[in-house]
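Please walk through this structure with the sequence alongside, taking its salt bridges, its strands and its helix packing in turn.

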Amino acid sequence: MKTEVKKLDSTKREINVAISGDLVKNKFEEVFAQIAKEAKVAGFRPGKAPRDVLEKHYASVAHEQVLKELVPDVYNQAIEAEKLDVIELPQITEVKLDRTNLSFKANVEVTPEIHVKNYKNLKIVFKKIAVSADEIKRQVDSVKESRKAESLDDKFSRSLGYPNLAEFEDAVERQIFMSKENQERKRIENALLDDLMKGLEFKLPQGLLDRQTQDMLRQTKIDLAMQGLARDKIEEQEKMILEGIEPEAKKQVKIYLVLAAIAKEEKIPIDDHMPAKVMEFLLREAVWQETI
């Protein structure tokens, strides 16, 4: 197999692929053997038609089947041999096939080369989480008002599933603490990502950006429909929705690619859990400092 890769820009590559000899010839033999088992040719029992007859009646079918089976295999071998980190499905053009030769051109988008420096020992300033008595009282009073209760006592607490008022107040404290903890974790992660992204500029692969934008657009439409907005009104607002989505889509794609670059460097598997795993790694490696 011969491959030639041309760099069109930072995210696009043109791959010229050519193979010849037994690989192509044997694939045609496999395809015709399968056709022979299934072909219905007048004057011959199934599986008994001679090769020249099959060639006459099924040459174009065989040609298409060989392309269908061979092109994906050869393409995958080519990108593996060239170590290309391809993002989207290829655009295949200029396909040429005869009984011993196959050649084609594949235009692909690849992950841009991203060199993330100093991603270890990032500084994280965190706030110690505490829940005040006033916060607990406000939350308890809010529950009381929503239930239209007259005195906060053990009886009221039991109606909520707690044995007594003290247990209910402890549960409220835990809920407030967890809410604050989640908010602080999110703030820390966002601050860490902002720090990580400083000075990193690279072209975003258009295919990946389009996919992220469409996913966000689809989810936004679902959210608006759940809020009761009519479908025609949602469609009328699509352009405006897209304008609002695009900056965030770009940010999310950039974050994903930077985290993927770190994952590659640290040998963290690139799967659905990759972003969370890389974030855990960054948090472990960070330098933590409590605010006064």
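In which helix do E55 and R51 both lie, and how many residues apart are they? This is a predicted model, and in it both residues belong to helix α2, which covers residues 51-81, where they are four residues apart, or about one turn of the helix. E55 forms a salt bridge with R51, with the closest N and O atoms 3.1 Å apart. Neither partner is buried, because E55 has a relative accessible area of 23% and is partly exposed, while R51, with a relative accessible area of 31%, is likewise classed as partly exposed.

A comparable arrangement occurs in helix α3 (residues 133-146), where K137 and D141 are four residues apart and therefore separated by about one helical turn. Their side chains meet in a salt bridge of 2.9 Å, N to O, and K137 counts as exposed, at 51% relative accessibility.

The salt bridge between K120 and E266, whose closest N and O atoms are 3.7 Å apart, connects two loops. K120 lies in the loop between β4 and β5 and E266 in the loop between α8 and α9, so the pair ties together parts that are 146 residues apart in sequence. K120 is partly exposed, with a relative accessible area of 39%, and E266 also counts as partly exposed, at 24% relative accessibility. The structure holds 21 salt bridges, and K6, E14, E94 and K105 are linked in a network of such bridges.

Turning to the strands, β2 (residues 12-20) pairs with β4 (residues 101-109) in the antiparallel sense over nine bridges, and I19 stands opposite L102 in β4. Strand β3 (residues 91-97) also pairs with β4 in the antiparallel sense, over five bridges, with I92 opposite A106 in β4. A hairpin of three residues joins β3 to β4.

The helix packing can be followed through α5 (residues 165-197) and α9 (residues 274-285), which pack at an angle of about 85° with their axes 11 Å apart. That angle makes α5 roughly perpendicular to α9. On the α5 side the contact is made by R185, I188, E189, L192, L193 and L196, and on the α9 side by M279, E280, L282 and L283. The residues of this contact divide into seven nonpolar, no polar and three charged.

Finally, T213 is found in helix α6 (residues 206-226). T213 is buried, with a relative accessible area of 8%, and, leaving aside residues up to four places away in sequence, T213 touches L242, I245, E246 and A249.

Key:
Residues are numbered from 1 along each chain as its sequence is written. This is a predicted model: local features need pLDDT of at least 70, side-chain atom pairs count only at pLDDT 80 or more; totals for chains, interfaces and linings use all residues. Side-chain values use heavy atoms; hydrogens and water are left out. Axes are lines fitted to C-alpha atoms, for helices over the stretch in contact, and angles run from 0 to 180 degrees between N-to-C directions. Helices (H or I, at least four residues) and strands (E, at least two) are DSSP runs, numbered from the N terminus. Angles under 35 degrees count as roughly parallel, over 145 as roughly antiparallel, 65 to 115 as roughly perpendicular and the rest as oblique. Contact means heavy atoms within 4.5 Å. Ala, Val, Leu, Ile, Met, Phe, Trp, Tyr, Cys and Pro count as nonpolar, Asp, Glu, Lys and Arg as charged, and the others, Gly among them, as polar. Two strands pair if DSSP finds at least two bridges between them. Buried means under 20% relative accessible area, exposed over 50%, partly exposed in between (1.4 Å probe, protein chains only). A salt bridge is a side-chain nitrogen of Lys or Arg within 4 Å of a carboxyl oxygen of Asp or Glu.
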